[in-house]
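Me: Please take a close look at the helices in this model. I would like to know how one of them sits against others, and what lies around it.

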Amino acid sequence: MRATLIYGAGDVRIEEVPDPRIEHPTDAVVRVVRSCVCGSDLWPYASRPASEHGDRIGHEFLGVVEQAGSDLSRVRTGDLVIAPFVYSDNTCQFCQEGLQTSCEHGGTWGADGVDGGQGELVRVPQADGTLVTIPSTQDSSLLASLLTLSDVFCTGHHAATTAGVNERTTVTVVGDGAVGLSAVLAAKRLGAERIILMGRHPDRTDLGIEFGATDIVAERGDEGIEKVRELTSGAGTHAVLECVGTKPALDTCVGVVRAGGTISRVGAPQYSEGPLGRPVFMRNIAITGGVAPARNYIEELLPDVLDGTIQPGRVFDRTIDLDGVPDGYQAMADRKALKVLVAF
Ligand SMILES: [Zn+2]
């Protein structure tokens, strides 16, 4: 089969690799129908040191179960399934608490002999716990929206829920990438009526408005903070959803959050120290969020996707085939594409 490998910064290749097979009775082999490139894939694409051997990459996919291990009771051959961006048994103490990203038997795609998601086939460990079976469909826009439950929309939802967003909270979303736009849609779905989106790419913030943003702030840094405060009578917003992953973005969050409010971080952090000192303490700011346990949210979000109440798949603005994946990375890195969908 053919799959995507990353060899270093700017160096993504499509190569022939061995077909996966069932290695444990709890495995399934899935033939990928849709995959995509994640904003977090762009970090290694920007900075990873060059190596002789490539590593498999990709962690968002949906597909059809081609082989099911003998221990599986939920997942069957022929099922259309969504794979969350980590695998998990869905039974251990952490999974039972809805934190499948900390599963005692879980792991990540593209590591330790497990296939990456940007390839034709994937061996799925812990398949009964990991995979969520969905109704069979050929509808391209529905498949795109279903794929967002693998990561990006669940990540936006995680930001909104951990920040306690409801119909009484005002919200600021920092970042107009696919996660930021997903966070806007998730906050709107949870009833927020005032959603300020901080982003400076008009084509993206336009989609943010369609997803439910009520105000756009294009300014960054102190100027952006000032603007959000002007919009909120000087107070800031109850919830602030950090969807970038940089320290300046987190500083902006501290600047725009209301006293007693909550900052939720879901951007993969590219920093090791952040603002946790006196300003946060004196204003009773809660800081929450983290890597999103997508598996915990899929069943809850699925009905709204299936009936078209929400269309998170609109974050995809380019569709490519597997051979187009290297160009897809470059297009996202150059900000020429918001999020690239891979159709097989
Ligand atoms: Zn578990």
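Reply: What follows is a walk through the helix packing, then some helices with a buried face, then a few loop residues. The model is predicted, not experimental.

Start with helix H5, residues 152-162. How is H5 placed against helix H6, residues 178-189? Two helices that pack are described by the angle between their axes and the distance between those axes. Here the angle is about 55 degrees, and the axes are 7 Å apart. That makes H5 oblique to H6. The crossing is right-handed. On the H5 side, the residues that meet H6 are Val-152, Phe-153, Thr-155, Gly-156, His-157, Ala-159 and Ala-160. On the H6 side, they are Ala-178, Val-179, Ser-182, Ala-183, Leu-185, Ala-186 and Ala-187. By class, this contact has ten nonpolar residues, four polar and no charged.

H5 has another partner, helix H11, residues 294-306. Their axes lie 9 Å apart, at an angle of about 95 degrees. That makes H5 roughly perpendicular to H11. Phe-153, Cys-154, His-157 and His-158 are the H5 residues that take part. They meet Ala-294, Tyr-297, Ile-298 and Leu-301 of H11. Six of the residues in this contact are nonpolar and two are polar, with no charged residue. Look again at Phe-153 and His-157. They meet H6, and they meet H11 too.

Now follow H6 to its own next partner, helix H7, residues 202-211. The angle is about 15 degrees, and the axes are 9 Å apart. H6 and H7 are therefore roughly parallel to each other. H6 passes H7 in a right-handed crossing. From H6, the contact takes in Leu-181, Val-184, Leu-185 and Lys-188. From H7, it takes in Arg-204, Leu-207, Gly-208 and Phe-211. By class, five residues are nonpolar, one is polar and two are charged. Leu-185 meets H7, and Leu-185 also has a place in the contact with H5.

Next, look at single helices and ask which side is buried. An α-helix has 3.6 residues a turn, so residues three or four places apart point the same way. Helix H8, residues 221-231, is one case to try. Its buried residues are Gly-224, Ile-225 and Val-228. Seen down the axis of H8, they fall within an arc of 100 degrees, so they line one face of the helix. The face turned away from that buried side carries the exposed residues Asp-222, Glu-223 and Glu-230. What do the buried residues of H8 pack against? They pack against strands S11 (170-174), S12 (194-198) and S13 (215-217), and against helix H9 (247-256). After H8 comes Ser-233, with a positive phi near 50 degrees.

Helix H12, residues 325-333, can be read in a similar way. Val-325, Gly-328, Tyr-329 and Met-332 are its buried residues. They fall within an arc of 100 degrees as seen down the axis of H12, so they line one face of the helix. Those buried residues pack against strands S1 (2-8), S2 (11-16), S17 (318-320) and S18 (340-343), and against helix H1 (42-47). Just after H12, Arg-335 takes a positive phi of about 60 degrees.

Strand S17 holds Thr-319. Thr-319 is partly exposed, with 15 other C-beta atoms within 10 Å. Beyond its neighbours within four places in sequence, Thr-319 is in contact with Leu-341 and Ala-343. The loop between S1 and S2 holds Gly-10. Gly-10 counts as partly exposed, with 15 C-beta neighbours inside 10 Å. The C-alpha atoms of Gly-10 and Ser-47 are separated by 8.2 Å, although the two residues are 37 apart along the chain.

Finish with two more loops. Most residues other than glycine have a negative phi. Gln-126 has a positive phi of about 50 degrees, though it is not a glycine. Gln-126 is in the loop between strand S9 (121-124) and helix H3 (127-130). Is Gln-126 buried or exposed? Gln-126 counts as buried, because it has 24 C-beta neighbours inside 10 Å. Asn-284 is not a glycine either, and its phi is positive, about 55 degrees. Asn-284 is found in the loop between helix H10 (278-282) and strand S16 (286-289). Asn-284 counts as exposed, with 11 C-beta neighbours inside 10 Å.

Methods. Residues are numbered from 1 along each chain as its sequence is written. This is a predicted model: local features need pLDDT of at least 70, side-chain atom pairs count only at pLDDT 80 or more; totals for chains, interfaces and linings use all residues. A residue is buried if 20 or more other C-beta atoms lie within 10 Å of its own, exposed if 12 or fewer, and partly exposed in between; C-beta atoms are placed from the backbone. Helices (H or I, at least four residues) and strands (E, at least two) are DSSP runs, numbered from the N terminus. The arc is that of the directions from the helix axis to the C-beta atoms. Two residues are in contact if their C-beta atoms, placed from the backbone, lie within 7 Å. Axes are lines fitted to C-alpha atoms, for helices over the stretch in contact, and angles run from 0 to 180 degrees between N-to-C directions. Angles under 35 degrees count as roughly parallel, over 145 as roughly antiparallel, 65 to 115 as roughly perpendicular and the rest as oblique. A crossing is left-handed if the near helix is turned anticlockwise from the far one by less than a right angle, and right-handed if clockwise. Ala, Val, Leu, Ile, Met, Phe, Trp, Tyr, Cys and Pro count as nonpolar, Asp, Glu, Lys and Arg as charged, and the others, Gly among them, as polar.
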